[in-house]
Amino acid sequence: MIAERFRSQILDGSLAAEERLPRQEVLARELGVSLTVVREALRMLEAQGLVTVHRGKTGGATVRIPDDAAISAAITTVASMAQISAEDVRGTLIALDGLCAQAAAAAAQPSRAALVERLEDSLDVQLSNAADDGAFRLECVRFHAEISGGCGLMMLHSISGALEASARNLGPAVTRRCERRGPGTQLTIKRVLADHAQVVHAVADGNGLAASLAATHQPAPRSGRRPRAGAGPAAAL
């Protein structure tokens, strides 16, 4: 109950970042509980990344607000301890690419038009670096980062960015999702460029399914029918 009380105060801004809480003995006296209870509550808050606990005679805690780095570190720790494979992380990144592209295509026209301009600029850079594999792959990462940043859903963007950072900690190659897609398959630079161009067109047209398929480098439906805007794996968004 004490941990939840302080957690609520931190989240609603009643307790600001870097604000120092009273010493543990003072908190115990003010709250009418034992020192052990206070210490356990502070440990719970520290585990959630909401405070930094100070040891020793000046023992107390300082409020901290979790940022993307803290979220990324937590994901990295969980992935390592659970022995989640690099391919699992890569697959999750690819799935998030599709969700972000779907959401971006559904965003309001002004923000969508601005995103299309940024994606077109990135596509031009990709084209100019087609002969330089390293530079090309780096620009592919930026291309997908632009989609995430322009998806219009802050939580989705935050999760995608945190996982991207975690993937770099687990192994830089994990972030290269514009490459191999399973045994015996390889995404050529020509195919990647074509898919990225399709993403740009689909986002501009507000076609969510087409944007999602192209962003994850999946083949378009064979029926020849134009994918319905708003349909697809991220329709729930």
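**Reasoning through a predicted model**

The protein chain of this predicted model holds 10 helices and 2 strands.

Trainee: Glad to have the overview! In what order do the elements run from the N terminus?

Mentor: The order is α-α-α-β-β-α-α-α-α-α-α-α. As for burial, 41% of the 237 residues count as buried.

Trainee: Why is Cys-151 called buried or exposed, whichever it is?

Mentor: Good one to start with. Buried means under 20% relative accessible area. Cys-151 has 3% relative accessibility, so Cys-151 counts as buried.

Trainee: And how do you know whether Cys-151 is bonded to Cys-100?

Mentor: Set the distance against the cut-off: a disulfide needs two cysteine sulfur atoms within 2.5 Å. The sulfur of Cys-151 lies 4.6 Å from that of Cys-100, its closest cysteine sulfur, and is therefore too far for a bond. Cys-178 is likewise in no disulfide, with the nearest cysteine sulfur, in Cys-140, 4.3 Å away. Searching the whole structure gives 0 disulfides.

Trainee: What makes Cys-178 count as buried?

Mentor: The same cut-off of under 20% applies. Cys-178 has 4% relative accessibility, so Cys-178 counts as buried.

Trainee: Now the surface. Why is Glu-120 called partly exposed?

Mentor: Partly exposed lies between the buried limit of 20% and the exposed limit of 50%. Glu-120 has 39% relative accessibility, so Glu-120 counts as partly exposed. Glu-120 sits in helix H6, which covers residues 109-128.

Trainee: Which residues form the negative surface patch?

Mentor: Glu-117, Glu-120, Asp-121 and Asp-124 form the patch. Patch residues need over 30% relative accessible area, and Glu-120, at 39%, meets that requirement.

Conventions
Residues numbered from 1 in each chain as written. Predicted model: local features only at pLDDT ≥ 70, side-chain atom pairs only at ≥ 80, totals over all residues. Heavy atoms only, no water. Patch = residues over 30% accessible without salt bridge, like charges linked within 9 Å, V, L, I, M, F, W, Y side chains within 5 Å. Areas by Shrake-Rupley, 256 points an atom, 1.4 Å probe, with all protein chains shown as cover. Salt bridge = Lys/Arg side-chain N within 4 Å of Asp/Glu carboxyl O. Lys, Arg positive; Asp, Glu negative; His and termini not counted. Charge placed at Lys NZ, Arg CZ, Asp CG, Glu CD. Helix = DSSP H or I, 4+ residues; strand = E, 2+ residues; numbered from the N terminus. Buried < 20%, exposed > 50% of the residue type's maximum accessible area, 1.4 Å probe, protein only.
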